[in-house]
Amino acid sequence: MTQPNLQQNVDLQEVQKFTDLANEWWDKSGAFATLHQINPLRLNWIEQQTIARQQSGLTGKKVLDVGCGGGILSHSMAVRGAIVTGIDLGEANIKAAQIHAEQTSQAIDFACVAVEDFAKAHAGEFDVVTCMEMLEHVPDPQSIINACFTLLKPNGVLVLSTINRNPKSYLFAVIGAEYLLRLLPRGTHDYEKFITPAELDRFAQRAGCKRQDLIGLHYNPLIKHYWLAQNVDVNYMMAVYKPQ
């Protein structure tokens, strides 16, 4: 397994948060239950954005999942027919992803490597790159997005997800999700690292990408229902692409 270059763009405390929970990645009622519940929404939106840009879905596409964790999204994209690679800086996360892929007979490549290092060897190889729920955990989001841009083929799609920064997002994503509803372990998020859509748009433009679409992800805790809508006050996804 490739070891991460720890001089790269990484907050070791953030990596450790998820490494400590590595054995729970595939427990659908455990620490990552929320990710399992929102994954079908994420997956469908990623495929819709791929179709919009490339006139076909994930089947047969070469896809990179950056910050893949235990492989929840990677696995679902492979089931859709994509040729998937997942990378993450948490070695225990990658091991959990590999074990699950073997158990479910999914041919997914996983590696413990920084995306900046990975981009040096794999520039222009991928039809689709995803980076979900990761940018709010790194010191330099711009560096991550630059590397993702490098990895894309011309006309390739990059799908990003993160959390907006405003009083409402603090109330819902930190106080609500971590302390009141306990959907996530306490300390999962640092409000100061949240990213507004305008900031994310600037990061993408500086990297060379162009905006394709933007959508908000919403949750009703009373009925445990997730849905997508235009309001991006809290959780949101942005699709951008690499011009031809």
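This short talk covers the sheet in this structure and two residues with positive phi.

Keep in mind that this is a predicted model.

Let's start with the sheet. It is open and has eight strands. Read across, the order is β3-β2-β1-β4-β5-β8-β6-β7, and the pairing is mixed. Which strands stand at the edges? They are β3, residues 109–112, and β7, residues 225–229. Each has a single partner strand, so one side of each is left without a neighbour in the sheet. From one strand to the next, the twist averages 20 degrees.

Now a helix. α4, residues 91–103, packs on the sheet. It touches β2, residues 83–88, and also β3. The direction of α4 makes about 165 degrees with that of β3.

Next, one pair of strands. β1 and β4 run parallel, and four bridges join them. β4 covers residues 126–132. Look for L64: it stands opposite V129 in β4.

On to the two residues. Q55 is not a glycine, yet its phi is positive, about 65 degrees. Where does Q55 sit? Find the loop between α2, residues 33–54, and β1, residues 62–66. Is Q55 buried or exposed? Q55 is exposed, with a relative accessible area of 65%. The cut-off for exposed is over 50%.

The second residue is N155. Its phi is also positive, near 75 degrees, and N155 is a residue other than glycine. N155 lies in strand β5, residues 152–163. Its relative accessibility is 14%. Buried means under 20%, so N155 counts as buried.

To recap the pair: Q55 is in a loop and exposed. N155 is in a strand and buried.

Notes. Residues are numbered from 1 along each chain as its sequence is written. This is a predicted model: local features need pLDDT of at least 70, side-chain atom pairs count only at pLDDT 80 or more; totals for chains, interfaces and linings use all residues. Side-chain values use heavy atoms; hydrogens and water are left out. Helices (H or I, at least four residues) and strands (E, at least two) are DSSP runs, numbered from the N terminus. Buried means under 20% relative accessible area, exposed over 50%, partly exposed in between (1.4 Å probe, protein chains only). Two strands pair if DSSP finds at least two bridges between them. Axes are lines fitted to C-alpha atoms, for helices over the stretch in contact, and angles run from 0 to 180 degrees between N-to-C directions. Contact means heavy atoms within 4.5 Å.
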